[in-house]
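Open the model in your viewer and keep the selection box at hand. We will go stop by stop, and each stop says what to select and what is there.

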Amino acid sequence: MAQSLPRLSVPAVLALGSAALGAAFATGLLLGRRWPSWGSRQQRLLPPEDSPLWQYLLSRSMREHPALRSLRLLTLKQPQGDSMMTCEQAQLLANLARLIKAKKALDLGTFTGYSALALALALPEAGRVVTCEVDTEPPELGRPLWKQAEAEHKIDLRLQPALQTLDELLAAGEAGTFDVAVVDADKENCTAYYERCLQLLRPGGVLAVLRVLWCGEVLHPKPKDKAAECVRNLNERILRDARVYISLLPLGDGLSLVFKI
Ligand SMILES: C[S@@+](CC[C@H](N)C(=O)[O-])C[C@H]1O[C@@H](n2cnc3c(N)ncnc32)[C@H](O)[C@@H]1O
Ligand SMILES: *[C@@H]1O[C@H](CO)[C@@H](O)[C@H](O)[C@H]1NC(C)=O
């Protein structure tokens with residue numbers, strides 16, 4: 001075994017206290033050093049999505065509801081269709097929602113509602129997905145498929161800037177009541193989304209941030225690439241955040257999973 005990743009035992013970390021843990025990360029104890037031993041995955045983390053191996057992975061793991069599939073195919077025909085979440089990402093988030101018996105979910109960046117519908121299908125009958133969008137057209141394109149899946153009543157679309165909706169939820173006393181939050185809207189506001197979503201989540205809740213590798217631009221953001229800079233700042237904030245456990249998965253364009261302690 002050529003594994004030499006630092007191993008932090010959870011109780012010890014908690015005993016250290018969140019301030020000490022945050023400080024350790026902040027002083028670069030673990031940040032900024034070349035990570036030792038990547039094992040045998042030197043070249044690429046995942047095969048390209050059109051490779052036979054990737055197709056095998058999808059065909060042996062995807063159980064996409066027929067309405068979700070129709071919504072995905074319809075969305076892919078739209079000009080911005082590739083901004084949709086990938087199917088295996090949406091399935092993972094839906095499964096996490098099932099695992100923690102989620103009833104309330106937040107979805108920032110509705111688009112045609114692929115992630116919103118995947119989450120809605122994972123919630124019980126009385127469950128709700130509050131989904132945020134500023135563009136009126138894509139959700140209306142998707143709505144017939146939400147109906148077809150008999151999940152439209154679980155999808156609460158808020159057509160206004162996501163920050164406004166999050167502030168309204170906080171003002172209405174809904175802090176600590178959401179089980180799942182998915183951050184997939186504009187990147188400029190992603191840190192503000194992260195902080196508000198974390199407040200709205202209950203302990204044990206799951207927060208997902210999409211596109212955290214930003215096509216690799218996080219390594220060397222070009223000057224004036226505000227989005228890349230924002231994503232990079234959020235990634236570093238999450239790394240140092242002692243209120244959460246984290247995983248960053250190389251799915252799609254990078255998916256961070258943040259588990260509220
Ligand atoms: C990456 S797409 C979301 C994809 C969607 N989650 C899915 O599963 O297909 C981002 C969406 O966020 C929306 N958006 C951009 N700025 C926003 C804002 N300030 N508030 C809410 N939504 C915003 C865009 O219109 C776009 O539809
Ligand atoms: C960020 O949020 C502000 C406040 O709601 C909004 O005016 C702005 O348009 C958002 N940025 C983007 C790129 O959506």
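**Stop 1: the second largest pocket**

Select helix α7, residues 137-148. With 3 residues, α7 gives the most to the lining of the second largest pocket. Keep in mind throughout that this is a predicted model.

The second largest pocket has a volume of about 660 Å³. Its lining counts 30 residues, and the closest to its centre are S83, G109, F111, E133 and D184. Select those five residues to find the middle of the pocket.

Now add α6 (114-122) and β2 (128-133) to α7. These are the elements that give two or more residues to the lining of the second largest pocket. Colour the lining by class: it has 13 nonpolar, 9 polar and 8 charged residues.

**Stop 2: F111**

Stay with F111, one of the residues closest to the centre of the second largest pocket. F111 lies in the loop between β1 (104-108) and α6. Is F111 buried or exposed? It counts as buried, because its relative accessibility is 17% and the cut-off for buried is under 20%.

Check the backbone here too. Most residues other than glycine have a negative phi. F111 has a positive phi, near 55 degrees.

**Stop 3: R211**

Which other residue should you select for a positive phi, although it is not a glycine? Select R211, where phi is about 60 degrees. R211 sits in the loop between β5 and α10 (226-240). Its relative accessible area is 30%, so R211 is partly exposed.

**Stop 4: V129 in strand β2**

Go back to β2 and select V129, which lies in that strand. How buried is V129? Its relative accessible area is 0%.

Show what surrounds V129. Leaving out residues up to four places away in sequence, V129 touches A105, D107, A116, L119, A120, L123, K154, I155 and D156. Then draw a distance from V129 to A118, 11 residues apart along the chain. Their C-alpha atoms are separated by 10.0 Å.

**Stop 5: the cavity**

Empty space comes next. Rolling a probe the size of a water molecule over the atoms shows where empty space is left. How many cavities of 30 Å³ or more does a search of the whole structure find? The search finds 1.

The largest cavity has a volume of about 30 Å³. Select L93, L96, A97, V180, V206 and A208, which line it. By class, this lining has 6 nonpolar residues, no polar and no charged ones.

Which elements give two or more residues to the lining of the largest cavity? They are α5 (87-99) and β5 (201-210). Of the elements, α5 gives the most, with 3 residues.

**Stop 6: the cysteines**

Show the cysteine sulfur atoms. How many disulfides are there? The count comes to 0.

Select C132, which is in no disulfide. The nearest cysteine sulfur to C132 is that of C197, 7.9 Å away. A disulfide needs the two sulfur atoms within 2.5 Å, so this pair does not qualify. C132 is buried, with a relative accessible area of 2%.

Now select C190, also in no disulfide. Here the nearest cysteine sulfur, that of C230, is 5.6 Å away. C190 counts as buried too, at 2% relative accessibility.

**Stop 7: S247 in strand β6**

Select β6, residues 244-249, and pick out S247 within it. S247 is partly exposed, because its relative accessible area is 32%, and partly exposed runs between 20% and 50%.

Which residues is S247 in contact with, leaving aside neighbours within four places in sequence? The partners are L255, S256, L257 and F259. Draw one more distance, from S247 to V258. The two are 11 residues apart in sequence, and 6.6 Å apart in space, C-alpha to C-alpha.

**Last stop: the whole protein**

Zoom out and select everything. The protein has 10 helices and 7 strands. It has 261 residues, of which 42% count as buried.

Turn on the surface. The accessible surface comes to about 14200 Å², and 57% of it belongs to carbon and sulfur atoms. Finally, show the contacts with a separation of 6 or more. Residues 24 or more positions apart account for 72% of those contacts.

Key
Residues are numbered from 1 along each chain as its sequence is written. Chains are lettered from A and ligands numbered from 1 in the order in which they are written. This is a predicted model: local features need pLDDT of at least 70, side-chain atom pairs count only at pLDDT 80 or more; totals for chains, interfaces and linings use all residues. Side-chain values use heavy atoms; hydrogens and water are left out. Helices (H or I, at least four residues) and strands (E, at least two) are DSSP runs, numbered from the N terminus. Buried means under 20% relative accessible area, exposed over 50%, partly exposed in between (1.4 Å probe, protein chains only). Contact means heavy atoms within 4.5 Å. Accessible areas come from the Shrake-Rupley method with a 1.4 Å probe; for residues, only the protein chains shown count as cover. On a 1 Å grid over the protein atoms alone, a cavity is a set of points where a 1.4 Å probe fits but cannot get out, and a pocket is an open set with protein on both sides within 12 Å along at least five of seven lines; lining residues have an atom within 4 Å of a point. Grid points are joined across faces, edges and corners, and a volume is the space filled by probe spheres set on the points. Ala, Val, Leu, Ile, Met, Phe, Trp, Tyr, Cys and Pro count as nonpolar, Asp, Glu, Lys and Arg as charged, and the others, Gly among them, as polar.
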